[in-house]
Amino acid sequence: MSRIDVKKLPVDPGPAAWNRLLEDADPAQELKDTITADWLVIGAGFAGLAAAHRLSQLCPTDRIVVLEARRVAEGPAGRNSGFMIDLPHDLASSDYGGALEKDMALTADNRHAIDFAAQMASVFGLGENVFVRSGKVNGAATAKGDIHNQQYAQHLAAMGESHEMLDAADMKALTGTDYYQSGLFTAGTAMIQPAAFVRGIARGLTSNRVQIFENSPVTNLSKDVDWTAATPNGSVTAPKVILAVNGHLNSFGFLPNQLMHVFTYASMTRALSDAECVQLGGQSTWGITPADPMGTTVRRIKAADGHRIVVRNRFTFDPSMEVSDNRIKSVGRDHDRAFDARFPMLKGVDMQYRWGGRLCLSRNNVSVVRELENGLYSACCQNGLGTTRGTLSGMLAAELATDTQSDRLKRALESPEPPRLPPNFITRPGATAVLRWQEMKAGAEL
C-alpha cells in the first residue's frame with residue numbers, strides 16, 4: 001500500500017476580485033461522507049473542470065467526483081487576467097515567440113482548447129459577458145516595445161498567422177489613452193470573466209453523475225486496490241485520479257525541485273462614473289497584453305455595477321507558494337504608478353481590489369501531463385497560461401487516463417520532463433535578480 005501525505009494546502013493572497021463582482025455563490029457542498037466514484041479529479045480550476053467535462057464525454061455513464069480545496073473561483077482560476085490566448089505566449093522570451101514548428105503545433109493545441117472552452121460555454125449557457133472571442137492587442141508604449149511587436153509580427157507571418165498593426169491613433173481610439181505608440185492585434189484570443197466562467201462550468205457540470213465538493217482539501221492519498229483521497233471530513237475512493245493542482249503537484253510529492261513557483265499581481269479599480277467614462281473615451285471593453293512579456297497587462301471590463309480597469313504586472317519568485325499582505329501593498333504602489341501613467345484623465349480613481357495569483361513554470365516551458373503512478377495522472381504546470389494550457393492539460397489528462405489517442409496527447413507525452421533546478425540558495429536569489437532585471441529592462445512597458 002502506498003500513501004502520499006499532502007505537505008501544503010493552497011494559500012491565495014488578497015480577494016479574488018473577479019469573484020467579488022458576481023452574486024454570492026450558493027453555500028458550498030463539502031465532502032462529509034465516505035464515498036466511491038469511477039473517477040476522482042482533484043482541483044476545480046480550468047484544468048480540473050476541463051478534465052471532468054472531458055471524462056463525462058468519454059465515459060458517459062461513469063460517476064465523477066471533483067474535490068476543490070477552497071470555493072470554486074477563489075483560487076488561481078478566479079485571479080488571472082482572463083486572456084485565453086491561442087498564439088505563442090512564452091513569458092520567458094523577449095517577444096513571446098519560439099521555434100517555428102513548435103509554435104505552430106502549440107497554436108493548434110491552444111485553439112483546440114479554446115474550442116473546447118467555447119463548447120462548454122455554449123452547452124452551459126454562458127453569455128458573451130463571460131466568454132467571447134474578441135481578440136487582443138499587444139500594446140507598445142515605447143520604441144523598444146514597438147520593435148518587439150514588429151519581431152513578433154514577423155514570426156506570426158512565418159507561421160501563416162494573420163495580424164494587424166495599429167498606430168498610435170488606433171490605440172487611442174481603442175483605449176482612450178495616448179500612452180501607447182502602437183499595437184499588434186490578433187483575433188484568436190477569447191476574453192473571459194474567469195470567475196464567472198469556472199463557476200458557470202462547475203454549475204453546469206453538476207448532476208447525478210458529477211459531484212463537486214468545495215472546501216474539501218485533500219490531505220492524503222493512499223492506494224490499496226484503488227486510490228482513496230482523504231479530506232478533513234470525508235474520503236473518496238476511485239480507481240483513477242487526476243491531479244489538476246498546478247504547482248501544488250510538489251505538495252503531493254511529485255517533481256521536487258523541478259517546478260518554479262511564481263506570483264503575479266493585479267489591481268482593479270472601483271466602478272467608473274459616467275463622467276469618468278466620458279473623460280476616458282475609447283471603446284467600452286478591451287484587453288491589452290504588453291509588447292514586453294514583463295510589462296503591464298490592462299483590461300477595461302463592464303461589470304454589473306459599471307466599467308472598471310484592471311492592471312496586472314510584477315512577478316516574484318516564491319518557492320513557498322505564499323506571499324505576505326505587505327507584498328500585495330508594495331506591488332500595489334507599482335500598479336498605481338502604471339495606472340496613473342496610462343490614465344492621467346482618471347486622477348482620483350482608486351483601486352478597490354488588489355490580489356496575487358500563483359503561477360507554476362518549468363524551465364523548458366512544458367506542462368506535466370503524465371501517469372505519475374498506476375491510475376494517478378497529472379494535468380499540471382501551466383507556465384502562466386492557466387486558462388488555455390490548463391484547459392488543454394485537463395483534456396489531455398482525461399484522454400490519457402481513458403486511452404483516447406490523439407496527436408495532441410502524443411506531443412504532450414513526448415515532451416521532456418521539467419529539468420531540475422539548482423539548489424534553492426542559488427535559485428531563489430538568481431531568479432529574483434533575473435525577474436527584477438527583466439522588469440527594469442521593460443521600462444515604460446511596465
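Start by selecting helix α11, residues 424–442, in this predicted model. Within that helix, pick out R436 and E439, which sit 3 residues apart, about one turn of the helix. Show their side chains and you will find a salt bridge between them, at 2.8 Å from N to O. Now turn on a surface and compare the two partners. R436 is partly exposed, with 40% relative accessibility, whereas E439 is buried at 3%. Keep both selected and add R314, D334 and R337: salt bridges with shared partners link these five residues into one network.

Next stop: helix α8 and strand β20. Select D336, in helix α8 (residues 325–342), and R354, in strand β20 (residues 351–361). Their side chains form a salt bridge with an N to O distance of 3.0 Å. The two residues are 18 apart in sequence, so this pair ties a helix to a strand. How accessible is each partner? D336 has a relative accessible area of 27%, which makes it partly exposed, and R354 is partly exposed too, at 23%.

Now move to R270 and E276. Here you can display another side-chain salt bridge, 2.8 Å from N to O. Is each partner buried or partly exposed? R270 is partly exposed at 27% relative accessible area, while E276 is buried at 13%, since the cut-off for buried is under 20%. If you would like to keep exploring pairs like these, the count of salt bridges comes to 19.

For a view of helix packing, select α3 (residues 100–123) together with α9 (residues 386–401). Their axes come within 9 Å and cross at roughly 85 degrees, so α3 runs roughly perpendicular to α9. To see what fills the crossing, show D109, N110, H112, A113, I114 and F116 on the α3 side. From α9, add T388, R389, T391, L392 and M395. Try colouring this contact by residue class: you should get 5 nonpolar, 4 polar and 2 charged residues.

Finish at T186 in strand β9, which covers residues 182–186. Is this residue buried or exposed? T186 is buried, with a relative accessibility of 5%. To look at its surroundings, select L87, G135, K136, L156, S162 and H163. T186 touches each of these residues, leaving aside any up to four places away in sequence.

Terms used: Residues numbered from 1 in each chain as written. Predicted model: local features only at pLDDT ≥ 70, side-chain atom pairs only at ≥ 80, totals over all residues. Heavy atoms only, no water. Helix = DSSP H or I, 4+ residues; strand = E, 2+ residues; numbered from the N terminus. Buried < 20%, exposed > 50% of the residue type's maximum accessible area, 1.4 Å probe, protein only. Contact = heavy atoms within 4.5 Å. Axes fitted to C-alpha atoms, helices over the stretch in contact; angles between N-to-C directions. Parallel < 35°, antiparallel > 145°, perpendicular 65-115°, else oblique. Nonpolar A, V, L, I, M, F, W, Y, C, P; charged D, E, K, R; others polar. Salt bridge = Lys/Arg side-chain N within 4 Å of Asp/Glu carboxyl O.
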